[in-house]
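Work through these exercises with the structure open beside you. Try each task before reading its solution.

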Amino acid sequence: MIFALSQTTINVTYLVAGVCFVVGIKRLSSPATARSGNVVAAVGMAIAVGFTFLDSDIDTYWLMLAGMAVGTAIGIASARLVKMTAMPQMVALFNGVGGGAAALIAAAEFHRLAPDSGHVASDAIGAMLFSALIGSISFAGSMIAFGKLQEVLPGRPLVFPGQQAANAALFAALLVLGILAGTTEAGVWLVLLLAGALLFGVLLVLPIGGADMPVVISLLNAFTGLAAASAGFVLDNTALIIGGTLVGASGTLLTILMGRAMNRSLANVLFGAFGAVAEGAPGAAAADADGKSYREVTAEDAAVMLAYADRVVIVPGYGLAVAQAQHSVRDLADLLERRGVDVKYAIHPVAGRMPGHMNVLLAEANVPYPQLYDMEDINPEFPRTDVALVIGANDVTNPAARSVPESPIYGMPILNVDEATNVIVLKRSMNPGFAGIDNELYYDPGTSMLFGDAKASVDRLVAAVKAA
């Protein structure tokens, strides 16, 4: 090549890129600095990629440039064409691609080094096999998560008899294949390891219901980060090691936080088949099976409650995302504020299909961020709230989580909307949510049900408030 830098110099630039990654992630913690955080992280990535071209060991520039061109085209198209409501499945897809790339790097390096040297260093072979295993699991699992979120596959848990035993046996077989591949350095064992890991990734995510997708996406994100860090050890690339470690650590912490927000262990998420208990579960009976009744309300009556309230708290959920009702909700909030109503939004940590899903949707509708309140901040406000407007949020508002020990969601922190003076629930029907149980909130005397598509219902409320 015409111009090259020493490896020490390149590693220093990688360190600078790593600092940019850390600063960028830190600034993403607040909407006020998130845009600049994205820019700082992007600058770090540009530094890492740019100085990689100055490595004297690089000799296939055309292949790198071709890959960058394809990736850039897909990235720009995705950013411009994919709707905000589809971000969870896009995150799952991109995360899976990262894991698959790490696995392919490991396989390529194994194929390149093992036949030539006859014996690869133990640390290198270990990193290759780990990256191949975890990267393949992340790729396959992310593709299944994408299918569930995109509704190509059923969102409910897909289980079969003996599934957990089969998964345990398969994972044990993968460990054996990894040992065989490491000790013999034979490509056939690596191929079998990759195929088995792909199958394990599929079987791992199939029994997980849509309600647990935030935790699963976080976990798979951590897997991809670990696979990328291992690929960095294989390639002796400091930027990959730093970036992968950051992703692995942040994904692990986010997984823990998501689990705590649902009061469920990671083992329960992965092996509990949450959402497959609709038949015969406590509270899963039809609404009229034990004499329970609910109160239906018209848009005009609901509008009167909203228009003459002093304080209103809007509780968004996945129903809002599916109906793409965020802009209509903003219109309703603006209308109420012009009438002197204090409007706030209550955000549950696992509302939607990925961490921060509701925040992203409401930000797209230009909802002022100071109006968004986390669960621990908004719960004390509900006793002083005149109307809580619940839009598609089901399990995260179910009082059974506090009062019914037999319930599958017992102990899960919820939004205490039942403490508001009045509750208006926008929902398509009385069907249960992903937990497969009735929501006791819907039968509370202070709750009114407004049935229909979320966007259409909010638009009716807007029209009715204007006429009130």
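The exercises below go from a sheet to single residues.

This is a predicted model: local features need pLDDT of at least 70, side-chain atom pairs count only at pLDDT 80 or more, and totals for chains, interfaces and linings use all residues. Residues are numbered from 1 along each chain as its sequence is written, and side-chain values use heavy atoms, with hydrogens and water left out.

**Exercise 1. Give the strand order of the open sheet and name its edge strands.**

Step 1. Know the terms. Helices (H or I, at least four residues) and strands (E, at least two) are DSSP runs, numbered from the N terminus. Two strands pair if DSSP finds at least two bridges between them.

Step 2. Read the order. The open sheet has 6 strands, arranged β3-β2-β1-β4-β5-β6, and the pairing is parallel.

Step 3. Find the edges. They are β3 (372-374) and β6 (447-451), each pairing on one side only.

Step 4. Add the twist. From one strand to the next it averages 25 degrees. Axes are lines fitted to C-alpha atoms, for helices over the stretch in contact, and angles run from 0 to 180 degrees between N-to-C directions.

**Exercise 2. Describe how β5 pairs with β6, and find which helices lie on the sheet.**

Step 1. Count the bridges. Strand β5 (residues 422-427) pairs with β6 in the parallel sense over 5 bridges.

Step 2. Match residues. Val-423 stands opposite Thr-447 in β6. Ile-424 stands opposite Ser-448 in β6.

Step 3. Place the helices. Helix α14 (residues 357-364) packs on the sheet and touches β1, β2 and β3. Contact means heavy atoms within 4.5 Å. The direction of α14 makes about 145 degrees with that of β2. Helix α13 (residues 326-338) lies across β1 (311-316), β2 (342-347) and β4 (387-391), and runs at about 145 degrees to β2.

**Exercise 3. Is β6 enclosed or open to the outside, and which way do its side chains point?**

Step 1. Set the cut-offs. Buried means under 20% relative accessible area, exposed over 50%, and partly exposed in between (1.4 Å probe, protein chains only).

Step 2. Apply them. In β6, 5 of the 5 residues are buried, so the strand is largely enclosed by the rest of the structure.

Step 3. Sort the directions. Thr-447, Met-449 and Phe-451 point one way, while Ser-448 and Leu-450 point the other way.

Step 4. Recall the rule. In a regular strand the side chains alternate between the two faces of the sheet.

**Exercise 4. Locate Ala-102 and list what it touches.**

Step 1. Place it. Ala-102 lies in helix α4 (residues 87-117).

Step 2. Check its cover. Ala-102 is buried, as its relative accessible area is 4%.

Step 3. List its contacts. Leaving out residues up to four places away in sequence, Ala-102 touches Ser-131, Ala-227, Ala-228 and Ala-231.

Step 4. Compare sequence with space. Ala-102 and Gly-135 are 33 residues apart in sequence, and 5.7 Å apart in space, C-alpha to C-alpha.

**Exercise 5. Glu-185 and Asn-366 have positive phi: which is buried and which is exposed?**

Step 1. Take Glu-185. Its phi is near 55 degrees, and Glu-185 is not a glycine. Glu-185 lies in the loop between α6 (163-184) and α7 (187-205). At 12% relative accessibility, Glu-185 is buried.

Step 2. Take Asn-366. Its phi is about 60 degrees, again in a residue that is not a glycine. Asn-366 lies in the loop between α14 and β3. At 58% relative accessibility, Asn-366 is exposed.
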